[in-house]
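Reader: I should like to learn how aromatic pairs and nonpolar cores are read from a model. May we work through an example together?

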Amino acid sequence: MAKVYVFDHPLIQHKLTYIREKTTGTKEFRELVDEVSTLMAFEITRDMTLENIEIETPVQTTTSKVLAGKKIGIVPILRAGIGMVDGILKLIPAAKVGHVGLYRDPATLKPVEYYAKFPGDIEERDFIVVDPMLATGGSAIEAINSLKKRGGKSIKFMCLIAAPEGVEALKEAHPDVDIYIAALDEKLNEKGYIVPGLGDAGDRLFGTK
C-alpha cells in the first residue's frame, strides 16, 4: 500500500502559511511555491541510492559517494504543476521534464487527457508527478494512469496541500505510488475546494481569474 508522507519541516510550514494567505501577491506566491518545492525535493530524494567512486582531492586519493540507480523525471500536471518544476530542478538539474494536460469533462466531471509528452527513456526513470493541490484526486490518478500506460513504473506524487478524500482516492487507485504532502488539510467543501486550502493555485501562480 502507498505510504503518505506529510512534511513537518519548519521552513516548509512557515512558507506554506504565506502561500495560503489571500493577500500574498502573484510574484511572492510564485517565489514561495518555488522555494517550498525545493525544500520538498530535498526530502523526497532522501532514499536515492548512492555508490562509491574513487576521486582525487587536492590532498590525496579518497573514496566518495555519488548518485547511482535510475535517472529522475519530473511530470507537472498542467497548468499549476509548472510552478513547482524549477524548484525541483535546482536540486536535480539533470532531471528530464514531461508534461500531462487534463481538462474536466463537463458531462461526467472526470478528467480527460488532452496532452502528454514524456522522456523517451520512460522505463529507466524514477518519476515525480507534481501538482500544488490534491483535492478529489481525479487529476493525479489520471496523470499517473497516463504515465503508466506509456511504460512508467517507478512513480511518486508530490503536492503542497491535500484533502483526505484525495489522498484516499489516490491510494486506492495507485497503491504503488507514495504520496508526499506539505500539509494535509481538513476536508473538501461542497464545491470540491480544499479547506482551508489556498484558493486556485493556477490562478494565483499566473495572475489569472
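Author: Let us begin with a group of rings: Tyr-5, Phe-7 and Tyr-180 form one aromatic cluster. Please keep in mind that this is a predicted model.

Reader: How is a pair of aromatic rings described?

Author: A pair of aromatic rings is characterised by the distance of the centres and the angle of the planes. In this structure the count comes to three aromatic pairs. One of them joins Tyr-5 and Tyr-180, with 4.8 Å centre to centre and 10 degrees between the planes. This pair is classed as stacked, because planes under 30 degrees apart count as such.

Reader: Which strands hold Tyr-5 and Tyr-180?

Author: Tyr-5 belongs to strand E1 (residues 4-6) and Tyr-180 to strand E11 (residues 178-184), so the pair ties together parts that are 175 residues apart in sequence.

Reader: Is Tyr-180 buried or exposed?

Author: Buried means under 20% relative accessible area. Tyr-180, with 5%, is therefore buried, whereas Tyr-5, at 33% relative accessibility, counts as partly exposed.

Reader: What geometry does the pair of Tyr-103 and Tyr-114 have?

Author: That pair is tilted, with 6.5 Å centre to centre and 35 degrees between the planes. Tyr-103 lies in strand E6 (residues 99-104) and Tyr-114 in strand E7 (residues 111-117), so the parts tied together are 11 residues apart in sequence. Tyr-103 has a relative accessible area of 41% and is partly exposed; Tyr-114, at 48% relative accessibility, is also partly exposed.

Reader: Let us turn to the interior. How many residues does the largest nonpolar core have?

Author: A nonpolar core is a set of buried residues joined through side-chain atoms within 4.5 Å. The largest one here has 34 residues, and those with the most contacts inside it are Ile-19, Met-40, Met-158, Leu-160 and Ile-161.

Reader: Which elements give two or more residues to this core?

Author: Among them are helix H1 (10-20), helix H2 (26-44), strand E4 (71-78), strand E10 (154-162) and E11. The largest share, seven residues, comes from H2.

Reader: With which residues is Ile-19 in contact, leaving aside its neighbours within four places in sequence?

Author: Ile-19 then has contacts with Phe-29, Leu-32, Val-33, Val-36, Leu-160, Leu-198 and Arg-204. There is also a second, separate core of 23 residues, which includes Ile-122, Leu-147, Val-177 and Ile-181.

Reader: What does UniProt list for residues 6-208?

Author: An unreviewed UniProt entry lists these residues as "domain: Phosphoribosyltransferase". In the model, the span is 31% helix and 33% strand, and its end C-alpha atoms lie 29 Å apart.

Key
Residues numbered from 1 in each chain as written. Predicted model: local features only at pLDDT ≥ 70, side-chain atom pairs only at ≥ 80, totals over all residues. Heavy atoms only, no water. UniProt positions renumbered as here; feature names shortened; annotations may be inferred. Helix = DSSP H or I, 4+ residues; strand = E, 2+ residues; numbered from the N terminus. Phe/Tyr/Trp six-rings, centres within 6.5 Å; stacked < 30°, edge-to-face > 60°. Buried < 20%, exposed > 50% of the residue type's maximum accessible area, 1.4 Å probe, protein only. Contact = heavy atoms within 4.5 Å.
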